Amino acid sequence: MSKYFDEIDPVKFEGRDSENPLAFKYYDSSKILMGKSMEEHLRFAVCYWHNFCWDGFDIFGSGTFNRPWHGVTNDQAAAEAKLEAAFSFFNKLGNPYFCFHDTDVMAAAETPKEHVENFAAIVDKIEEKIAVSKTKLLWGTANMFSHPRYMAGASTNPNPDVAAFAALQVKHCLEATHRLGGSGYVLWGGREGYDTILNTNVAQEMKQLGRFLTMVVEHKHKIGFKGDIWVEPKPHEPTKHQYDRDVGTVYGFLKEYGLEKEVGVNIEPNHATMAGNNFEHEIEMANAFGIFGSIDFNRGDPQNGWDTDQFPNDLRETTMALYYILKGGGFKNGGANFDAKVRRQSIDAKDLFYGHIGGMDLLARALENAAKMIENDKLQEFKDSRYKNWSSGHGAKMLDGKMSLDEMAAISLQKNNSPKPMSGRQEGLENIVTQFLK
Ligand code: XUL
Ligand code: CO
């Protein structure tokens, strides 16, 4: 089975001038920047679902990939064959981490008991694989959106029995993530939303979601999991309205349930753009609220409104993303997971490598640019001088809560002038960014 990737040699760093399409041109894992290696900064992860589970089907046509591990039945033997293929891919690509959903890795299950047994059987095998590979687990998550039982939501379902099944999945997946050494646990609420308000009690559903998330946090502490819990925002798809719409909305939700110090966010660029935000905005919002966790790197298509999950290739956007990530202190428990898939016509084994090599090289290049920008931080200098008057005088007093509206208004009368506008310097700042793109 692992023969599928036999034609590919382990991917090596060959430098910018290499013409080998299966080599890294920029990702030199041990290269040190700002005191850390590229590998430590970027913490690359390959996702299980797009690469080893998806067979290339779309709503108009069946699978195109013909991967040898996609059998007719998804039993334990098939799950093990898929695991074998996944680790043979990881060992060649050299990604330090991977991510999975419970249902990605296990044999199909219908009943709660089957779910627990089948998942436990493959977790044993994953543990054996991790022990002899350089690739470790970044984060795990439970798939609570594919099975028909979840069509009306998991924890937000009108039926508490569905929430109980979801609890079973999360409990086992969180415990497995802990046991396998993962440093994060993700909850993406694909069906935690609604298609029509006509059949939905929004207040009731949000209460269910809030309590469920609190139970997950309580369980994390109970089992001694030291990693992070992250919610992954997305505005819609599959549901029309999803409660975890974007970073700002998630923060408000966390505050409502007193979870803002316990739960962070896993940000995905294509979800950000679907919510009408750009990627950098979401990172900076998470930094501002102190909830930045991890990234599911990918890109959308500017002409398509849906989640195309393509590998990232925009150097400017990615450089700025890395700049804000580094400015926020960089990844801690999180990392750069590629929640990205090759196109349906990219049917060869090597296409999976091209996708990841391209993404890893792009991020490595962006990291170098971002590190240089920080070394000579013209953008920060501009911002510091733009806001400098807030660190003294009536600006600082207002922020310290030492000014009333009356007192602030009196300052204006006392100065008796209309403040002089200052340039926001957008074009000049954009030129600075352009200069750093190498
Ligand atoms: C869906 C998505 C998910 C989550 C994990 O858009 O991004 O794959 O990352 O459930
Ligand atoms: Co994602």
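This note goes through a predicted model point by point, from the metal site and ligand 1 to the aromatic contacts and then to single residues of the backbone and interior.

1. The metal site. The cobalt ion (ligand 2) is held by side-chain oxygens of Glu232, Glu268, Asp296 and Asp339, with coordination distances of 2.0 to 2.1 Å. The geometry of the site is octahedral, with 6 donor atoms and angles of 80 to 172° among them. Along the chain, the donors of the cobalt ion (ligand 2) follow the spacing E-x35-E-x27-D-x42-D. Glutamate 232, in the loop between β8 (228-231) and β9 (241-242), and aspartate 339, in the loop between β12 (336-338) and α12 (349-375), are 107 residues apart, and the pair links these distant parts of the chain. Glutamate 232 and aspartate 339 are both buried.

2. The surroundings of ligand 1. Which residues surround ligand 1? The surrounding residues are Trp49, His101, Phe145, Trp188, Glu232, Lys234, Glu268, His271, Asp296, Asp307 and Asp339. Glu232, Glu268, Asp296 and Asp339 appear here and also coordinate the cobalt ion (ligand 2). Of the polar approaches to ligand 1, one involves aspartate 339, which has a polar side-chain atom 2.7 Å from an oxygen atom of the ligand. A polar side-chain atom of glutamate 268 lies 2.9 Å from an oxygen atom of ligand 1, and an N or O atom in the side chain of tryptophan 49 is 3.3 Å from an oxygen atom of this ligand.

3. An edge-to-face aromatic pair. Over the whole structure, a search finds 29 aromatic pairs. One of them joins tryptophan 54 to phenylalanine 65 in an edge-to-face arrangement, with 5.1 Å from centre to centre and 90° between the planes. Both residues belong to the loop between α2 (48-53) and α3 (76-93), so the pair ties together parts that are 11 residues apart in sequence. Tryptophan 54 and phenylalanine 65 are both buried.

4. Charges over the rings of that pair. Each of the two rings has a basic side chain over it: the charged end of arginine 67 sits over the ring of phenylalanine 65, 4.2 Å from its centre, and lysine 341 lies over the face of tryptophan 54, at 4.9 Å from the ring centre.

5. The aromatic cluster. Ring pairs also join a set of residues into a cluster, which consists of Tyr4, Phe5, Tyr48, Phe52, Trp69, Phe87, Phe89, Phe90, Phe98, Phe100, Phe119 and Phe353.

6. A cis peptide bond. The peptide bond that runs from glutamate 237 to proline 238 is cis, with omega near 10°. Proline 238 is found in the loop between β8 and β9, and glutamate 232, one of the residues that coordinate the cobalt ion, is in the loop between β8 and β9 as well.

7. Positive phi values. Methionine 34 is not a glycine, yet its phi is positive, near 45°. This residue is placed in the loop between β1 (32-33) and β2 (36-37), and with a relative accessible area of 47% methionine 34 is partly exposed. Aspartate 309, also not a glycine, has a positive phi of about 50°. Its place is in the loop between β11 (292-297) and α11 (315-327), where aspartate 309 has a relative accessibility of 6% and counts as buried.

8. Buried polar residues. Is glutamine 242, in strand β9, buried or exposed? Its relative accessibility is 5%, so glutamine 242 counts as buried, and a polar atom of its side chain lies 3.1 Å from the backbone oxygen of glycine 189. Threonine 156, in the loop between β5 (136-141) and α6 (160-179), has a relative accessibility of 0% and therefore counts as buried. The side chain of threonine 156 makes a polar contact of 2.6 Å with the side chain of glutamate 192.

9. Asparagine 337 in strand β12. Asparagine 337 lies in strand β12 and, at 0% relative accessibility, counts as buried. The C-alpha atoms of asparagine 337 and serine 294 are separated by 7.9 Å, although the two residues are 43 residues apart along the chain.

Technical notes. Residues are numbered from 1 along each chain as its sequence is written. Chains are lettered from A and ligands numbered from 1 in the order in which they are written. This is a predicted model: local features need pLDDT of at least 70, side-chain atom pairs count only at pLDDT 80 or more; totals for chains, interfaces and linings use all residues. Side-chain values use heavy atoms; hydrogens and water are left out. Rings of Phe, Tyr and Trp (its six-membered ring) pair if their centres lie within 6.5 Å; planes under 30 degrees apart count as stacked, over 60 as edge-to-face and the rest as tilted. Helices (H or I, at least four residues) and strands (E, at least two) are DSSP runs, numbered from the N terminus. Buried means under 20% relative accessible area, exposed over 50%, partly exposed in between (1.4 Å probe, protein chains only). A charge sits over a ring if NZ of Lys or CZ of Arg is within 6 Å of the ring centre and within 35 degrees of the ring normal. Donors are N, O and S atoms within 2.8 Å of the metal (3.2 Å for Na, K and Ca); water is not among the atoms, so sites may look incomplete. Four donors count as tetrahedral if all angles lie between 85 and 135 degrees; four count as square planar and six as octahedral if opposite donors are over 155 degrees apart and all others between 65 and 115; anything else is irregular. A residue is near a molecule or strand if one of its heavy atoms lies within 4 Å of it. A polar contact is a pair of N or O atoms within 3.5 Å; within protein, one must be able to donate a hydrogen and the other to accept it, and residues adjacent in sequence count only if both atoms are side-chain atoms.
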